[in-house]
Amino acid sequence: MNKLYIGNLSPAVTADDLRQLFGDRKLPLAGQVLLKSGYAFVDYPDQNWAIRAIETLSGKVELHGKIMEVDYSVSKKLRSRKIQIRNIPPHLQWEVLDGLLAEYGTVENVEQVNTDTETAVVNVTYTTREEAKIAIEKLSGHQFEDYSFKISYIPDEEVSSPSPPHRAREQGHGSSSQSRQIDFPLRILVPTQFVGAIIGKEGLTIKNITKQTQSRVDIHRKENSGAAEKPVTIHATPEGTSEACRMILEIMQKEADDTKLAEEVPLKILAHNGFVGRLIGKEGRNLKKIEHETGTKITISSLQDLSIYNPERTITVKGPIEACASAEREIMRKLREAFENDMLAVNQQANLIPGLNLSALGIFSTGLSVLPPPAGPRGVPPSPPYHPFAQYPEQETVSLFIPTQAVGAIIGKKGAHIKQLARFAGASIKIAPAEGPDVSERMVIITGPPEAQFKAQGRIFGKLKEENFFNPKEEVKLEAHIRVPSSTAGRVIGKGGKTVNELQNLTSAEVIVPRDQTPDENEEVIVRIIGHFFASQTAQRKIREIVQQVKQQEQKYPQGVAPQRSK
């Protein structure tokens, strides 16, 4: 429930006056109006309606000669670490927003709120109450181009609740069983003129679809007001999702035939940009294979269309209904596979780096609930056998190789971007001088603890993708070098290359330990790691783990002292 405070009211205002005013502006109040002298409280069950009420009324509407103030009602007890920022330019890039937020403290989480407003809205959680307070003071009214930020406290449930809040936010699902299958919904775009046919008279058609396919179908009619297409989200098993999609395609095609509005209705699937590279495959092979096997024509929208407000790309499939349905199954299989692989890596990273928040990092769209919490009973923290900050207290150094032409983008105007990135990640980031005039790659040296490495490297990978330094059909793969003691290199390789082969199979990264290296002055050698972001990160952490295990064994059993067997 979102409780709103309505202030600066005339003593003459009645509860009926407020109900009528809200109703006239299509903000109907379902619950009670609690009216006090000069102010009132109302409840909205949905955050989107609460945002709309604030944006529509606060400082804009006069009632009995006084301009109303409308904001979230948050008691001082609950004014803690969470704030909401509204009126954000829809084209503002995540990294700019993150850099701005990071100026006032450590951001624990950033969650984009899907609304039907033209501007973007985010909920931000800082690490401490003081940081949130400073951010509110500094960012209220912050001017970005022609937009002025509007900021409010929002309740921080963790302050008042002895048990953690529910992490699952999906409507209609109360269960959060650990064994519950991860929900990876299908999102499609449908022409606005077909929405009525999909819903049917008194909702009978959509009820029939959900009943037959055991699915939940959400039609986001309020999103993108006036747009030619509306997003539809289908939650179900993979089989149920595909069947619901096929039924919707049949309804749209029948409507198109009856109204003669279109000859052929394409299937348009929305997918987060982070998964699209793996759907396309190397040199477009995966996509070509799906086209060939299903007899369809598939195109993907440009990277230029992406922004803070639109993190998804549109996959357009053309062909007969059965062909489109077959293509949907294969496309979703690839997207689901990419998602599950990243989830595996995410959960490994979450265990490796406690408290790490990927939403704040901006690797995934924070407007989509694609990252459930690490596995574990609700209310119970992850089990503590593996704690990297205890194991790796020292700073780590990683050399990351980027295309030479990308150096300017990483540095930014007068060094602004690299400074912002270093501040955000909590790392030292330096670009090594070029080794010659025609080198194709430059080395970025990153020094910092594990979490800082994860943040800095993640942002660099993201920046290269965003700035189109890689072909849209390519996955961003970079080479990273880490140094390990020469005495442990053999353990990283393993007997007959067994360990390094297992590393490569587990992480999907290419791991190379050159055998003929001469150790440097610190008796260390280089391990080369080549892969996309999560693959590279997982390989780096696994190798550090091997090195740490060897160090612990050496400390426990100094050279020449053999472990005694217990009798």
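Throughout this tour, contact means heavy atoms within 4.5 Å. The model is a predicted one, in which local features need pLDDT of at least 70 and side-chain atom pairs count only at pLDDT 80 or more, while totals for chains, interfaces and linings use all residues. Residues are numbered from 1 along each chain as its sequence is written, and side-chain values use heavy atoms, with hydrogens and water left out.

Begin with the whole chain, coloured by secondary structure, where there are 19 helices and 24 strands; helices (H or I, at least four residues) and strands (E, at least two) are DSSP runs, numbered from the N terminus. Of the 567 residues, 47% are buried, a word that stands for under 20% relative accessible area, with exposed being over 50% and partly exposed in between (1.4 Å probe, protein chains only). Among contacts between residues at least 6 apart in sequence, 70% join residues at least 24 apart.

Next, select residues 2-7, strand β1, together with residues 40-44, strand β3, which pair in the antiparallel sense over five bridges; two strands pair if DSSP finds at least two bridges between them. Within this pairing, tyrosine 5 has phenylalanine 41 of β3 as its bridge partner. Widening the selection shows an open sheet of four strands in the order β2-β3-β1-β6, with antiparallel pairing. At its edges stand β2 (34-35) and β6 (69-72), each with a single partner strand, so one side of each is left without a neighbour in the sheet.

Move on to helix α2, residues 47-57, in which Gln47, Ala50, Ile51, Ala53, Ile54, Glu55 and Leu57 are buried. The helix is followed by glycine 59, whose phi is positive, near 75°.

Then select strand β7, residues 82-88, where seven of the seven residues are buried. β7 runs antiparallel to strand β9 (residues 120-126), to which five bridges join it, and it also pairs in the antiparallel sense with strand β12 (residues 150-153) over four bridges. On the β9 side, isoleucine 85 stands opposite valine 122; on the β12 side, arginine 86 has lysine 150 as its bridge partner.

Keep isoleucine 85 selected and display its surroundings: not counting residues up to four places away in sequence, isoleucine 85 touches Leu101, Ala120, Val121, Val122, Val124, Leu139, Phe149, Lys150 and Ile151. Ile85 is also listed with Phe22, Met68 and Ile83 as having the most contacts inside the largest nonpolar core, which has 50 residues. Apart from that core lies another, of 45 residues, among them Ile482, Ile493, Val500 and Ile546; a nonpolar core is a set of buried Ala, Val, Leu, Ile, Met, Phe, Trp, Tyr and Cys residues joined through side-chain atoms within 4.5 Å.

Now go to isoleucine 269 in strand β16, residues 267-272, which counts as buried because its relative accessibility is 0%. Leaving aside neighbours within four places in sequence, isoleucine 269 is in contact with Leu186, Arg187, Ile188, Arg313, Thr314, Ile315, Glu328 and Ile331. Adding proline 231 to the view gives a pair 38 residues apart in sequence and 9.3 Å apart in space, C-alpha to C-alpha.

Finish at glutamate 291 in helix α10, residues 285-294. Glutamate 291 is buried yet has no salt bridge, that is, no side-chain nitrogen of Lys or Arg within 4 Å of a carboxyl oxygen of Asp or Glu; the nearest side chain of opposite charge, lysine 297, is 4.3 Å away. For charge, Lys and Arg count as positive and Asp and Glu as negative, whereas His and the chain ends are not counted. The side chain of glutamate 291 does reach the backbone nitrogen of isoleucine 298, at 2.7 Å.

How values were computed
A polar contact is a pair of N or O atoms within 3.5 Å; within protein, one must be able to donate a hydrogen and the other to accept it, and residues adjacent in sequence count only if both atoms are side-chain atoms.
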